[in-house]
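Q: I'd like a close look at one small part of this protein, and then a walk outwards from there. Could you take me through it?

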Amino acid sequence: EIDLQAAGAGLSIGEDLTQPVPDLEELPAAEEGEGAEGETWDERVVVVRQGQVHIELQHRSPPMGDAMLLRFCDWLDQQMPLVVQNFPYVRRSGAYVDLSDNVIGPDGLDRLFTVLRTHRVPCVVMKAYRNVLNDSIVDTLIEYLYTQPESFPMHGIHISHNKITDKGAFRLIRAAAQCGHYPRYTTRLPLWLRLECNDIANPQKLIVDCLHENFNVCLMGDGMCSRKDCNHYSGVHVQLPHFFHQQRARQ
């Protein structure tokens, strides 16, 4: 079983690095309507740790929305040349992004992918669970899966507890199965995809549909995967832990 934290550190170059991006500036004030206290970005938001860029915006108080994430991305776009200059290997080891437990939608997340792509830093792990992402974000993720660097494919996407539907989930799984990057060339590991607790009405039918399309999907439990003979490792395109646990099942 792949752990997202381990997956995010999987490309570590072995150096003992836990240090903030140098000369970080503060974003001087909050967006209009976000609160009188203002919003600043301290050195803990963007750090290079174990050879990877870590962007850590999880559990913000008040929760971060699209408008604030867009402002952060404008600031990050200005900082990334300095990051790459001081830590050039991040273009190989990539970024570990955690936006979990906010109110982020498709616009903000799309902009963040654009900034990373502009500076040629691959996104290795994206954690954005417990937000307000809907099927609109699927186009962004599909584009990234197809155009990501062949040598540095994404390890994991954690977008549980959002508003992805059956159609969006199937399109995302299809892209992972057909983009040519999974199983990964070096480790033969699949894409780790967390889609539980979304607006997926019939997850069982979706897995059957994947079987009909020859998408090798693993749910990490015997008899649950798209292939009856799945050994939870060989030839798997996507692993979907906890997939049958959806919002509608709890109502």
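In which loop is the place of His245?

A: Happy to. His245 sits in the loop between strand S9 and helix H8 (247-250), where helices (H or I, at least four residues) and strands (E, at least two) are DSSP runs numbered from the N terminus. Before going on, please keep in mind that this is a predicted model, in which local features need pLDDT of at least 70 and side-chain atom pairs count only at pLDDT 80 or more, while totals for chains, interfaces and linings use all residues. Residues are numbered from 1 along each chain as its sequence is written, and side-chain values use heavy atoms, with hydrogens and water left out.

His245 counts as partly exposed because its relative accessibility is 39%; buried means under 20% relative accessible area, exposed over 50%, and partly exposed in between, with a 1.4 Å probe and protein chains only. Its C-alpha atom is 9.0 Å from that of Leu195, although 50 residues separate the two along the chain. Long-range pairing of another kind shows up in the totals: among contacts (heavy atoms within 4.5 Å) with a separation of 6 or more, 78% involve residues 24 or more positions apart. The chain has 251 residues, of which 52% count as buried, and its elements are 8 helices and 9 strands.

From S9 we can step to helix H6 (residues 166-178), since the buried residues of H6 pack against strand S9 (238-239), along with helix H5 (136-147), strand S7 (191-194), helix H7 (203-212) and strand S8 (217-218). Those buried residues are Gly168, Ala169, Phe170, Leu172, Ile173, Ala175, Ala176 and Ala177. The length of H6 fits expectation: its 13 residues, at 1.5 Å a residue, should span 18 Å, and its end C-alpha atoms are indeed 18 Å apart. The expected span is 1.5 Å times one less than the number of residues. After H6 comes Gly180, with a positive phi near 95°. The loop between H6 and S7 also holds Pro183, which is joined to Tyr182 by a cis peptide bond with omega of about -5°.

H6 has a partner in H5: their axes come within 9 Å and cross at roughly 5°. Axes here are lines fitted to C-alpha atoms, for helices over the stretch in contact, and angles run from 0 to 180 degrees between N-to-C directions. H5 and H6 are therefore roughly parallel; that label covers angles under 35 degrees, with over 145 roughly antiparallel, 65 to 115 roughly perpendicular and the rest oblique. On the H5 side, Val138, Asp139, Leu141, Ile142, Leu145 and Tyr146 meet Gly168, Arg171, Leu172, Ala175, Ala176 and Gln178 of H6.

H5 also meets helix H4 (residues 106-118), with axes that come within 8 Å and cross at roughly 20°. The residues in this contact include Leu109, Phe113 and Arg117 of H4 and Ile137, Thr140 and Tyr144 of H5. The crossing is left-handed, meaning that the near helix is turned anticlockwise from the far one by less than a right angle (clockwise would be right-handed). In H4 the buried residues are Pro106, Gly108, Leu109, Leu112, Phe113, Val115 and Leu116, and their cover includes strand S3 (52-56), helix H2 (66-86), strand S4 (95-98), strand S5 (123-127) and H5. Following H4 is Arg120, which has a positive phi near 60°.

Some backbone details are worth a look too. Most residues other than glycine have a negative phi, and most peptide bonds are trans. In the loop between S3 and H2, His59 has a positive phi of about 55° although it is not a glycine. His59 counts as partly exposed because its relative accessibility is 48%. Pro62 is in the loop between S3 and H2 as well, and a cis peptide bond with omega of about 0° joins Ser61 to Pro62. Met220, in the loop between S8 and S9, has a positive phi near 65° and is partly exposed, with a relative accessible area of 26%.

Finally, the cysteines: Cys179 counts as buried because its relative accessibility is 13%, and Cys197 counts as buried because its value is 2%. A search of the whole structure finds 0 disulfides, a disulfide being a pair of cysteine sulfur atoms within 2.5 Å.
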